[in-house]
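Visitor: I have a protein model to go through. Could you take me around it, one question at a time?

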Amino acid sequence: MTAQTETDPGRLPIAGPAEVRRAAVRLMGQDRRAVAAMLILNGLAAAAGLGGPWLLGRIIDDVRGGAGTGHVDRLALGILCFALAQLLLGRFARYAAHRFGERTLARIRERFVDRSLALPASVIERAGTGDLLTRGTADVATVGATLRDAGPEVSVALVQILLILVAMLAVNPLLGICGLLCLSGIWFATRWYLRRAHAGYLAEGAANSALIEILTSTAAGARTVEALGLQDRRIAAAAEAVEHCRVTRTRTLNLRTVLFPVVEFSYIAPVAGILLLGAALRDTGAVTTGAVVSCALYFWKLSEPMDKILLWLDQLQRSNASFARVEGIGQVDALAVTGGGRPEDDRIDVVDVRYAYQGERDVLHGVDLTVRPGERLAIVGPSGAGKSTLGRLLAGAERPRTGRVTVGQVPVAELDPAQLRRHVVLVSQEHHVFLGTVRDNLLIAAPAATDHELHAVLAAVDIDWVDELPDGLDTELGAGGLRLDAQQAQQLALARVVLADPHTLILDEATSLLDPTTARHTERSLAAVLKERTVIAIAHRLHTAHDADRVAVMDGGRVTELGSHDELLAAGGGYAALWKSWHGA
């Protein structure tokens with residue numbers, strides 16, 4: 001299976017079986033000592049468990065041969081010692097397995113967070129946050145439960161089964177083969193189940209993601225839904241998603257209702273077959289009664305580890321599907337960067353760029369634009385002209401359908417995210433306040449910044465409300481702390497950008513939530529702080545264009561005018577009309 005993004009750009013990819021196997025091998029290779037300890041302890045525990053049935057068979061044969069009570073007592077003590085050894089070794093084996101599982105789960109979580117933070121914004125927007133959220137919570141939790149519980153149990157059970165089968169064949173090959181043939185029903189039922197389970201659980205995971213996406217988007221836009229009277233539509237969409245979840249879960253449940261009854265019946269067949277064949281062979285003198293009893297007990301003991309595996313088989317299939325979804329995030333990395341390069345300077349060139357959103361017509365038509373280092377460029381135009389789309393292309397958040405966008409002669413598509421953000425940062429009107437203090441929210445952009453630098457940055461973006469907080473920079477934000485309004489959150493985001501100190505800053509309505517007077521003052525403060533930096537401002541407020549070195553006017557997905565404010569006013573074109581409309585003329 002290849003990444004789904006190659007065939008379905010609207011969904012995050014899912015790792016194929018080969019990728020999942022390689023990831024599992026890599027995780028085990030990172031903790032080789034723990035894996036070796038688990039195998040050794042499990043093998044010793046399983047070997048200890050073989051002693052009891054073998055000694056019981058010896059007791060039966062020796063008693064029939066006239067052995068005394070002292071001999072029987074010694075063998076019975078041996079059975080007790082083997083049982084105690086199995087108990088202790090099994091305990092240490094599970095302890096080692098649980099420690100391995102928790103360490104491995106921590107690695108999976110850390111890797112998932114790193115990969116998620118490296119995802120291009122456009123990928124997340126197309127896929128929806130619900131899918132990413134489900135993978136990071138439900139899917140990771142499912143993998144964790146397997147590593148913590150199912151993994152140790154299954155590993156112990158597999159070793160026990162292997163050694164029991166070897167011991168059974170060693171006692172009497174004919175009886176052992178008879179028992180194995182009687183177990184064939186389990187093999188066929190399990191094979192039938194495995195062919196269907198993986199696809200079933202992948203479908204169930206996708207249905208859960210779709211449901212969470214609908215619920216979270218409805219909750220986030222509750223006021224808009226209410227204002228537009230969309231309650232019935234959203235309820236219907238949620239009900240449809242719930243029904244789809246029910247159908248997918250019922251499908252996997254039906255698989256289990258076939259597997260488990262067949263398995264339970266198959267446990268009876270080997271013991272019955274061994275007793276019947278053993279009775280016939282004993283009459284001919286081919287086997288002893290003790291050998292028949294030992295083989296029957298071995299098969300009876302075989303049901304316990306097989307039960308564990310089959311009971312956990314459902315969890316393993318669910319975990320396999322979840323792990324494929326978690327590992328699928330890593331496949332976006334290869335799609336995000338196609339090469340490498342080092343920009344010569346910070347000049348941005350847009351050459352014959354055309355762009356279309358997925359499944360739609362072009363929204364940009366042959367755009368050509370050059371942004372010189374240190375320039376203040378304003379991009380203006382009516383709604384739907386393509387201003388924000390161009391801004392996203394300049395920031396590398398989207399890729400052009402044709403043409404190219406370069407920074408220092410290097411295509412934006414060839415820069416890894418960390419390298420790109422040192423050159424270009426996009427600030428939109430959507431901002432996020434992270435859990436933690438005001439200081440924590442600022443230090444995300446510059447971990448080594450001092451308090452003096454933080455206060456200077458706050459002053460640069462006209463934040464004066466921090467000094468009024470009881471704990472200042474140490475004031476907790478978010479749940480359980482201070483909740484910032486939209487204007488304060490926007491100011492905090494701008495402060496982070498100033499701390500990050502990129503060479504090119506793209507402001508896409510970044511001060512739209514501020515009142516006009518504060519917005520104008522903040523933009524002028526930013527211009528002073530970002531002196532000798534390139535600032536591209538996408539705005540509806542034309543005072544931004546008045547302060548810029550050049551103005552690019554967009555209409556219908558094209559740059560229709562380009563020049564200074566005075567030059568464009570004198571030309572009497574579209575910009576002049578916008579300016580007159582802005583001033584009510």
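What follows is a set of short questions and answers about this predicted model.

Visitor: How many helices and strands does the protein have?
Guide: The model is predicted. Its secondary structure contains both kinds of element. The totals are 20 helices and twelve strands.

Visitor: What percentage of the residues in the protein is buried?
Guide: The protein has 585 residues. Buried here means under 20% relative accessible area. The share of residues that are buried is 46%.

Visitor: Among contacts between residues at least 6 apart in sequence, what percentage joins residues at least 24 apart?
Guide: Start with contacts between residues at least 6 apart in sequence. Then keep those that join residues at least 24 apart. That share is 77%.

Visitor: Which helix gives the most to the lining of the largest cavity?
Guide: The structure holds one cavity of 30 Å³ or more. Its volume is about 30 Å³. Two helices, α9 (231-284) and α10 (289-328), each supply at least two lining residues. The most, four residues, comes from α10.

Visitor: How many charged residues are in the lining of the largest cavity?
Guide: The lining consists of Leu183, Tyr267, Pro270, Phe299, Leu302, Ser303 and Met306. By class, six are nonpolar and one is polar. The number of charged residues is therefore none, with Ser counted as polar.

Visitor: Is Leu255 buried or exposed?
Guide: Leu255 sits in helix α9. The cut-off for buried is under 20% relative accessible area. Leu255 has 9%, so it counts as buried.

Visitor: Which residues does Leu255 touch, not counting those up to four places away in sequence?
Guide: One partner is far off along the chain: Arg196 is 59 residues from Leu255. Their C-alpha atoms are nevertheless separated by 7.8 Å. The full set of residues touched is Trp192, Tyr193, Arg196 and Ala197.

Visitor: Where do the buried residues of α6 lie around the axis of the helix?
Guide: Helix α6 spans residues 173-182, and its buried residues are Leu175, Gly176, Cys178 and Gly179. Seen down the axis, they fall within an arc of 160°. They therefore line one face of the helix.

Visitor: How wide an arc do the buried residues of α15 cover?
Guide: In helix α15 (residues 451-460), the buried residues are Leu454, Val457, Leu458 and Ala460. They lie on the same side of α15, because they cover an arc of only 155°.

Visitor: Which residue just after α15 takes a positive phi?
Guide: Most residues other than glycine have a negative phi. Just after α15, a phi of about 65° belongs to Asp462.

Visitor: Which strands stand at the edges of the open sheet of four strands?
Guide: The sheet has the order β2-β1-β4-β5, with antiparallel pairing. Each edge strand has a single partner, so one side of it is left without a neighbour in the sheet. The edge strands are β2 (362-371) and β5 (410-411).

Visitor: Which residue in β5 stands opposite Thr406?
Guide: Strand β4 (residues 402-407) and β5 pair in the antiparallel sense. Two bridges join them. Opposite Thr406 stands Pro411.

Visitor: What is the phi of Gln409?
Guide: Gln409 lies in the loop between β4 and β5. Its phi is positive although Gln409 is not a glycine. The value is about 75°.

Visitor: Is Asp352 buried or partly exposed?
Guide: Asp352 is found in strand β1 (residues 348-356). It has a positive phi of about 45° although it is not a glycine. Its relative accessible area is 39%, and buried would need under 20%. Asp352 is therefore partly exposed.

Visitor: How many residues of β9 are buried?
Guide: In a regular strand the side chains alternate between the two faces of the sheet. On one side of β9, Thr504, Ile506 and Asp508 are buried. On the other side, Leu505 and Leu507 are buried. For strand β9 (residues 504-508), the count is five of five.

Visitor: Which residue in β10 is the bridge partner of Asp508?
Guide: β9 pairs with β6 (residues 424-427) in the parallel sense over four bridges. There, Val427 stands opposite Leu507. β9 also pairs with β10 (residues 534-538) in the parallel sense, over five bridges. In β10, the partner of Asp508 is Ile538.

Methods: Residues numbered from 1 in each chain as written. Predicted model: local features only at pLDDT ≥ 70, side-chain atom pairs only at ≥ 80, totals over all residues. Heavy atoms only, no water. 1 Å grid on protein atoms, 1.4 Å probe; cavity = no way out; pocket = protein on both sides within 12 Å on 5 of 7 lines; lining within 4 Å. Points joined across faces, edges and corners; volume = space filled by probe spheres on them. Pairing = 2+ DSSP bridges. Buried < 20%, exposed > 50% of the residue type's maximum accessible area, 1.4 Å probe, protein only. Arc of directions from axis to C-beta. Contact = heavy atoms within 4.5 Å.
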